[in-house]
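User: Please take a close look at one enclosed part of this structure for me, and then follow the packing outward. I would like the cut-offs spelled out as you go.

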Amino acid sequence: MCGIIGYVGKKQSSSILLEGLRRLEYRGYDSAGIAIFDGTKLVSSKSLGQVKNLVDKDIAIQGTMGIGHTRWATHGGVTLLNTHPHFDSTEEIAVVHNGIIENYSSLRSALEAEGVVFTSETDTEVIPHLLRKHYAGDMFAALLAIIPLLQGTYGIVIANTYNPNQLIAARLGSPLVIGVGTNENFVASDTSAIAQHTKNVVYLEDGDIAILTANSYEIHNSGTLVKRKGKKVSDEWIDTGTGEFAHYMLKEIHEQPQSLRRCFAGRIKLNKVKLGGINLTPKEVSKLEHVGIVSCGTSYHAGLVSTFAFEDLACLRTTAHVASELRYRNPIVSNNDIYFGVSQSGETADTLHAMKHVKNRGAHIVGVVNVVGSTIARECGHGVYIHSGPEMSVASTKAFTSQVAALLLIAISFGSSRHLSDTECERITSALKNTPDLIENWLKGKQLDNVKAAAKIIAKAKQTIFIGRGVSAPVAMEGALKLKEISYIPSLAYPAGEMKHGPIALIDSETPVIAIVPRDSWRDKTISNIIEAKARGARVIVIHNEWDNQVKELGDVSIELPMTGHYLVSPLLTVVPLQLLAYETALLLDRNIDRPRNLAKSVTVE
């Protein structure tokens, strides 16, 4: 959601902060601001809307220490007064903050009773005023004094005029990472903001307070100086722009063959799956009784697809959970259960808390994430990285296919330790290895014209319905999510067999139905549901396999895909035209495709 960057060094900080904020745009935001020490005072600049609006102000603030922030509104509307950084009354302390201070109202009331005047509606503003109140010559000591007063979550970076060669950062439940440079240091909420400056990073843990100068950094936790292991940032995490593509989303759709190859690399050997990161012996896998998939949004849909794989290939009872629901339930968990926390960012707050919830009840927990060193990866201790690389568009595409692929690999691995035959293992691994080439060739083919024709139908609709059966039902859900995210067209998704149980009442000539119908054991039943929709006047778009003329003839628009060789692999292909369908529809409607309204890439608050 919100983004943070801080810099202290020898260079002019303005351009570094602005470029860092631009690289954080994908997280979602509605305003941006910076504060820089110019030699005598902290000078700030703020703007609403895109970071470009801040850049266009032709900022010429000179100074080698500063902080920046992109805000996604929680407390208070989208106004300049609510935009970060926030200051104390003397404007000698500036703070940027991610997270939510849950008891800010009582803290604010107490400060106002003491005569403090607030200028914003935000929860964040209590922090600089509290620091001002407790400051007695040492900003680190002031922060230590106020942290027990703050209830909620925070990633905080503080700049002040008393020690203008220093930044102070604190973390509890909201990610922060230190970038270690030469004669300069950085702090950010995301490695993408600093990867072009340094490959050496240190991830802060909950309870950490870091003090940064140009030549050093130190980390304290619970009053003790601690050491955190540094990590190297891979080159793939450097944002290289959209290249030949008009939008990041389109670029990332076309990157899926490459991201899948990275996901498979070194993991499929002689048609066997070899996975590190789970740390269970074959004997321990054989004793597992239940698999839980914990996730949100697109990751939840990937988890739903994987339930078929774990049950079919590994003969394990499997449940996909919406993380925000699971964390408030009283689930029955045993030490023979394993839960996978699936998250692109590895920072999703609801998923993180739900994983802690089941961990405390004795389950094995494993992260399935994209970002190395992310909070979920560190909390789980064990994990499988999906290796999809940076995903800059808010609407997730390549992360979905990589998550499905990674979960399939885990299911095959578990199955091999239980009952899966070598023949079946070879059949599905061969299908997986062939998938990147199938997607790559399809993206170069003539079916894209059919996707555009379907988009013209959908762009005129007031609502749409997506249907599928079996593994195609969660693919339908993902297709509907993509369409509503970036086109803003209300889009529903149902298992096709549910149509007669209510949704069919919505179908008429103005409600397009998008049906996912691969050649699998559910195909014939789905055909019956398509016929029901057509009988009520619906225009139907069918996604189906080549040479399936019966399905093709049912569609007002037909989008053909190659066969995959295994039904569990089909979602990796059937989702691609749905992603493009959402993209082309949003393009026709002139939407902000990479930055859809109200959405954030990484949801780090509840």
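Analyst: Here is a walk that starts with one helix, moves to individual side chains and ends with helix pairs.

Before we start, please keep in mind that this is a predicted model, in which local features need pLDDT of at least 70 and side-chain atom pairs count only at pLDDT 80 or more, while totals for chains, interfaces and linings use all residues. Residues are numbered from 1 along each chain as its sequence is written, and side-chain values use heavy atoms, with hydrogens and water left out.

Let's begin with helix α11, residues 349–359. Helices (H or I, at least four residues) and strands (E, at least two) are DSSP runs, numbered from the N terminus. Eight of the eleven residues of α11 are buried, so the rest of the structure largely encloses this helix. Buried here means under 20% relative accessible area, with exposed over 50% and partly exposed in between (1.4 Å probe, protein chains only). The buried residues of α11 are Ala349, Asp350, Thr351, Leu352, Ala354, Met355, His357 and Val358. They pack against strands β18 (290–295), β20 (337–343) and β21 (364–369), and against helices α10 (323–326) and α12 (375–380). Contact throughout means heavy atoms within 4.5 Å.

One residue of β18 shows this packing in detail. Ser295 is found in that strand and counts as buried because its relative accessible area is 0%. Setting aside residues up to four places away in sequence, Ser295 touches Tyr300, His321, Val322, Ala323, Val342 and Thr351. Thr351 is also among the buried residues of α11. The Ser295 side chain has backbone partners as well: it reaches the backbone oxygen of Ser299 at 3.3 Å, and one of its polar atoms lies 3.3 Å from the backbone nitrogen of Tyr300. Such a polar contact is a pair of N or O atoms within 3.5 Å; within protein, one must be able to donate a hydrogen and the other to accept it, and residues adjacent in sequence count only if both atoms are side-chain atoms.

Further along the chain, Lys398 lies in helix α13 (residues 398–416). With a relative accessible area of 3%, Lys398 is buried. Its side chain reaches the backbone oxygen of Ser388 at 3.0 Å, and a polar atom of that side chain is also 3.0 Å from the backbone oxygen of Pro390. Leaving out residues up to four places away in sequence, the residues touched by Lys398 include Glu252, Glu255, Gln256 and Glu391. Lys398 and Gln344 are 54 residues apart in sequence, yet their C-alpha atoms are 9.9 Å apart in space.

Asp190 offers a loop counterpart, sitting between β10 (185–188) and β11 (200–203). Asp190 is buried at a relative accessible area of 12%, and its side chain reaches the backbone nitrogen of Ser192 at 2.9 Å.

Now for the helix pairs. Helix α7 (residues 256–264) packs on helix α14 (residues 422–443) at an angle of about 170 degrees, with their axes 9 Å apart. That makes the two roughly antiparallel. Axes are lines fitted to C-alpha atoms, for helices over the stretch in contact, and angles run from 0 to 180 degrees between N-to-C directions. Angles under 35 degrees count as roughly parallel, over 145 as roughly antiparallel, 65 to 115 as roughly perpendicular and the rest as oblique.

Helices α15 (residues 447–459) and α19 (residues 570–588) pack at about 55 degrees, their axes 8 Å apart, and are therefore oblique to each other. Their crossing is right-handed. A crossing is right-handed if the near helix is turned clockwise from the far one by less than a right angle, and left-handed if anticlockwise. The residues of this contact divide into ten nonpolar, one polar and three charged. In that tally, Ala, Val, Leu, Ile, Met, Phe, Trp, Tyr, Cys and Pro are nonpolar, Asp, Glu, Lys and Arg are charged, and the others, Gly among them, are polar.

The axes of α3 (residues 104–113) and α4 (residues 126–134) come within 10 Å and cross at roughly 45 degrees. This pair is therefore oblique, with a left-handed crossing. Tyr104, Leu107, Arg108 and Leu111 of α3 meet Val126, His129, Leu130 and Lys133 of α4. An α-helix has 3.6 residues a turn, so residues three or four places apart point the same way.
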